[in-house]
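Hi everyone, thanks for coming along. I'd like to walk you through one model today, so have a look at the screen and then we'll go through it together.

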Amino acid sequence: MILNEIVEQYNATLPLERAITPPSAWYTSSDIAKLEQDSVFSDNWLVATRKELLQESGQYVATTVAGQPIVIVRGDTIKGFYNVCQHHAAQVMETGQGCTRALNCPYHGWTYKLDGSLAATPQFEAAEGFDKTNHGLKEVRVEVWQQWVFVCLNNDAPPLSEYLGTLYSQLDPLNLDKMRFHQRISYDLNCNWKVYVDNFLDGGYHVPILHKGLNSALDGKYYKIEVTDKYCLQSCPTKQRDNDFSQVRTGTARYYWQYPNLMINCYDAIMGIIIVEPVAVDKCKIIFEYYFDDNHPLIDEDFKNNSVAVADKIQDEDVAICLSVQQGLASKGYETGRLVPSKEAGEHLFHKLLYKDLKNHL
Ligand code: FES
Ligand SMILES: [Fe+2]
């Protein structure tokens, strides 16, 4: 089947009550995965790193965004570049983070300043018609919001504040600036990245069945789902029980999702973010970052460790089901499914936004 037909198998005009999920081919076709990298992941703002890693001049983070090698550097300001040498395309900075005076290519030693301009080209004197000023690193857009540095590979996309829309101010009252980074853990999953996002956005439908521990700490009858233009907020009060989950999950649970791949989970004194990155059509990487309000009376080392352990248990449960779903999507026994109107409005939004991006790029 040609790509256009696969995209058009989804009907984005149906209301939630009649909506049908995207065809399984969206989760199993490598052509769709490629199209997503070129549209969904290249045209939208994505979290690339934390701003705390870029406080001082010379600090840099070399990473991958939308499958592209990117380096983000603090000079006078924070800037982002394709991490690709303009001589023969070697990766200039090794993946990771650090502090440097200049960006030195490890292949033949071309050197770029922190602002990306080309500073030195050893033994290059005899080259004709070469203007250094035209051979700096290729810049990409970066912007900072809350604790994170976002990257967008599309120069025509709106600025980050516009992109985030209502979410931009929605988090202000939560004062998330007080949260301090604790730990980053990543998981490699054998499923399409959208399986994980769908699972996050099912409005707590799976929680009582799959996450008995978490469910015991939530007052599920007050579970709320709010959907706006590009984000979904699921919220639910917690209830106190005498178990591991209740001890580290208090206050109101707030689960934000921002299209396409960012989730922000908040409880009293806790913030966790999840970033979902496609690796192949049936592989993704899930990055968890844990943050705590160190000044909150609840927070000590035990609390942090228990909190991470509880999240890890929930993640194990989600991982197992996501693998099962991926196998089902790849089988001959499934093509499309339906959405539960009272629960799965977030998934519906996700699918419609995906459709829009995929179609625009065809
Ligand atoms: S590829 Fe970087 S200096 Fe040659
Ligand atoms: Fe889950």
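Let me start with a term: I call a residue buried if 20 or more other C-beta atoms lie within 10 Å of its own, exposed if 12 or fewer, and partly exposed in between, with C-beta atoms placed from the backbone. Helices (H or I, at least four residues) and strands (E, at least two) are DSSP runs, numbered from the N terminus.

Some housekeeping too. This is a predicted model, where local features need pLDDT of at least 70 and side-chain atom pairs count only at pLDDT 80 or more, while totals for chains, interfaces and linings use all residues. Residues are numbered from 1 along each chain as its sequence is written, and chains are lettered from A and ligands numbered from 1 in the order in which they are written.

Now, strand 14, residues 252-258. How many of its seven residues are buried? Five of them are, which leaves the strand mostly covered. When I say that two strands pair, I mean that DSSP finds at least two bridges between them. Strand 13, residues 231-237, runs antiparallel to strand 14, and seven bridges join the two. Strand 15, residues 262-267, also pairs with strand 14 in the antiparallel sense, over five bridges. Have a look at Y255: this residue of strand 14 is the bridge partner of Q234, and Y255 also stands opposite N265 in strand 15. Strands 14 and 15 make a hairpin, with three residues between them.

Next, the seven-strand sheet. This one is open, antiparallel, and ordered 1-10-9-4-3-2-5. Its edges are strand 1 (46-50) and strand 5 (96-99), each pairing on one side only. Neighbouring strands here are turned by 30° against each other on average, direction ignored; the axes are lines fitted to C-alpha atoms, for helices over the stretch in contact, and angles run from 0 to 180 degrees between N-to-C directions.

Let's go through that sheet pair by pair. Strand 3 (residues 68-74) meets strand 4 (residues 78-82) over five antiparallel bridges, with K79 as the partner of V73. Strand 4 in turn pairs with strand 9 (residues 139-145) over two bridges, where F81 is matched with E139. Strand 9 then pairs with strand 10 (residues 148-152) over five bridges, and E143 has F150 as its partner. Strands 9 and 10 form a hairpin with two residues between them, and Q146 in the turn has a positive phi of about 55°.

F150 comes back when we turn to the core. A nonpolar core is a set of buried Ala, Val, Leu, Ile, Met, Phe, Trp, Tyr and Cys residues joined through C-beta atoms within 7 Å. The largest one has 96 residues, and V71, I72, F150, V151 and Y196 have the most contacts inside it. Why does this core lie between domain 1 (3-42 + 175-361) and domain 2 (46-153)? Because both domains give residues to it; the bounds come from an automatic or database domain assignment.

Y196 takes us to helix 6, residues 193-200. Seven of its eight residues are buried, so the helix is largely enclosed by the rest of the structure. Among the buried ones are W193, Y196 and F200.

Finally, a small one: an open antiparallel sheet of three strands, ordered 6-7-8. There, Y112 stands opposite L118 in strand 8.
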